Amino acid sequence: MTSQELKKTLWETADKLRAQMDAAEYKHLVLGLIFLKYVSDAFEERRKQVAEQLANPESELYFSDDPADQEAALEDRDYYASANVFWVPQQARWESLRNQAKQANIGQLIDDALVAIEDENPRLKNLLDKRFARTQIEPARLGSLVDLVSKIGFEDGDHAKDVLGEVYEYFLGQFASAEGKKGGQFYTPASVVRTLVAVLSPHKGRVYDPCAGSGGMFVQSEKFVESHGGRTDDIAIYGQESNPTTWRLIAMNLAIRGIGFDLGKEPADSFTRDQHPDLKADYVLANPPFNISDWWNASLEGDKRWQYGQPPAGNANYAWLQHILWHLKPTGQAGVVLANGSMSSNQSGEGEIRRRMIEADVVECMVALPPQLFFNTQIPACLWFLTRDKTAHGRNRQGEFLFVDARKLGRLENRVHRVFDETDIEKIASAVHRWRQDGEFDGAYEDVPGFCRGVKLAEIQEHGYVLTPGRYVGAEDVEDDAEAFADKMERLTAQLAEQMARGSELDAVIRQKLGVLGYGI
């Protein structure tokens, strides 16, 4: 069974077990069990490795040939901490839970296991979602869910971290789709995240997301580092999320991959209770809620983050942009998903804030996205790429801006949802990197009519500081067929006349057939 088939089969089975339960509630049960299975599998794998080394006279860990001594040494937690593996006490190990899956109190047993893991691993304290005992799902279904998750693991030699991480990410996407509008509150579609990461190329440094959702930006950043030959500890993760249950989703999503993180002391609003007030990040990736209107608090009046003007109380778009710029180090870069209106709005002083940002040269690139990429909204969206220093990360680009119109890219994965394939992502990312001349892609940059174009500040000023890519990239080149206009019109007119005549003939046939049936018209 391929990885995709495994994920699809698991999802279909899990969805059947959901029955009438709300997807928003059910996801925490399923994802919580996947997390529990992961930490237990990772623990057992490490335990097996240590046992083999303790029994091997040539190993540095070998100290005794007495099996009892070796067994006792397996309880030394340093062996697990050194490999970034959580300590899992006996009662929380998966086999123990699996053996009790048919018990009527299985929900309480799972909650107790999560508490025990938190008690033994301070990094997870108060981060795990302990809701199994009070859930509305009957014990038999919950036991069947435990049996289902038991199937995920070391199939075909795969490591638990890789398989479970993939399943976790796949399930997040499926739950976001099932929840529709609400799903978008915790999940940014993977192809959008990959686009942001591909353009920013976060090789090393601090990565920050002030509205972290389920942590997809961080996971993809780690994947980028690993795929380019780096180590996962080359980047440090900082995040914030105001929703308590989503905050726990992030913690599990990152922990399941062995990624270290700092999500602040508690779930909190990024504007009024910034958990990282002194952070200056190398990279910021964010997908804030679009056009949020109830964000304002009187304590934000005159805030130091509003360097380009105080954002309107009725829309947080420019509050997010300025919060993100505040948290960038002098050579930092950011990628932000916002509603299309942010590129052109002049309401409540937004146009003036945008003008100041453009004049300050902190806007680097704008990307218009196609419709139907997001689960939670049909509002057209765009990507803002910001930078503190246009002399860093490539050639000197001061006073220059890149516009990319990607509205024609992507494919419909189903009737309602569009995705970017890798070729689409590479087309966008390669245009930006070649324009920057930062060495990420070979080849010289060229403007492509209808897709991308580099412009100078003066042209943006002429357009009233509107940043909509369609205004700048021009029309796509259409191949000239060399046919003279008069000849083409004569040919097309004759073709139309022929088709209209044929249409009249078919109308007559239809009328005649209906008349035979007694339905004359």
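**Burial, packing and backbone geometry in a predicted model**

Reader: Leaving aside neighbours within four places in sequence, with which residues is S191 in contact?
Author: In this predicted model, S191 lies in helix α9, which covers residues 190–200. Once neighbours within four places in sequence are set aside, its contacts are L373, V419, F420 and I425.

Reader: Is S191 buried or exposed?
Author: The cut-off for a buried residue is a relative accessible area under 20%. S191 has a relative accessible area of 6%, and therefore counts as buried.

Reader: Which backbone atom does the side chain of S191 reach?
Author: F420 is among the residues in contact with S191. The side chain of S191 comes to 3.2 Å from a backbone atom there, namely the nitrogen of F420.

Reader: How far apart in space are V219 and A190, C-alpha to C-alpha?
Author: V219 belongs to helix α10, residues 216–227, and is buried at a relative accessible area of 4%. In sequence, V219 and A190 are 29 residues apart. In space, their C-alpha atoms are separated by 10 Å.

Reader: How many of the residues of helix α12 are buried?
Author: Helix α12 spans residues 317–326. Its buried residues include polar as well as aromatic names, among them N317, Q322, W320 and W326. The helix is largely enclosed by the rest of the structure, because the buried residues number 10 of the 10.

Reader: Against which elements do the buried residues of α12 pack?
Author: Among the buried residues of α12 are Y318, L321 and I324. The buried residues of this helix pack against strands and a helix: β1 (205–209), β3 (281–286), β4, α13 and β6.

Reader: Which helix gives the largest share of the largest nonpolar core?
Author: The largest nonpolar core has 105 residues, and Y26, L33, I34, L36, I110, F171 and V367 have the most contacts inside it. The largest share of this core is 14 residues, and they come from helix α2 (residues 23–54).

Reader: With which residues is L33 in contact, leaving aside its neighbours within four places in sequence?
Author: L33 is one of the residues with the most contacts inside the largest nonpolar core. I110, another residue of that group, is also one of the contacts of L33. The contacts of L33 beyond four places in sequence are W94, I110, F132, L142, L145, V146 and V149.

Reader: How many residues does the second, separate core have?
Author: This core is separate from the one with 105 residues. Its members include W295, V336, V363 and M366, and its size is 41 residues.

Reader: Which residue with a phi of about 50° is positive in phi although it is not a glycine?
Author: The residue is found in the loop between β4 (328–339) and α13 (350–359). Exposed means over 50% relative accessible area; at 57%, this residue therefore counts as exposed. Its positive phi of about 50° belongs to S348.

Reader: What is the phi of Q372?
Author: Q372 sits in the loop between β5 (363–368) and β6 (381–387). Its relative accessible area is 22%, so Q372 counts as partly exposed. Although Q372 is not a glycine, its phi is positive, at about 70°.

Reader: What share of the contacts with a separation of 6 or more comes from residues 24 or more positions apart?
Author: The chain contains 17 helices and 10 strands. Of its 521 residues, 50% count as buried. Among contacts with a separation of 6 or more, the share from residues 24 or more positions apart is 71%.

Definitions and conventions. Residues numbered from 1 in each chain as written. Predicted model: local features only at pLDDT ≥ 70, side-chain atom pairs only at ≥ 80, totals over all residues. Heavy atoms only, no water. Helix = DSSP H or I, 4+ residues; strand = E, 2+ residues; numbered from the N terminus. Buried < 20%, exposed > 50% of the residue type's maximum accessible area, 1.4 Å probe, protein only. Polar contact = N/O pair within 3.5 Å; in protein donor to acceptor, adjacent residues only side chain to side chain. Contact = heavy atoms within 4.5 Å. Core = buried A, V, L, I, M, F, W, Y, C linked by side-chain atoms within 4.5 Å.
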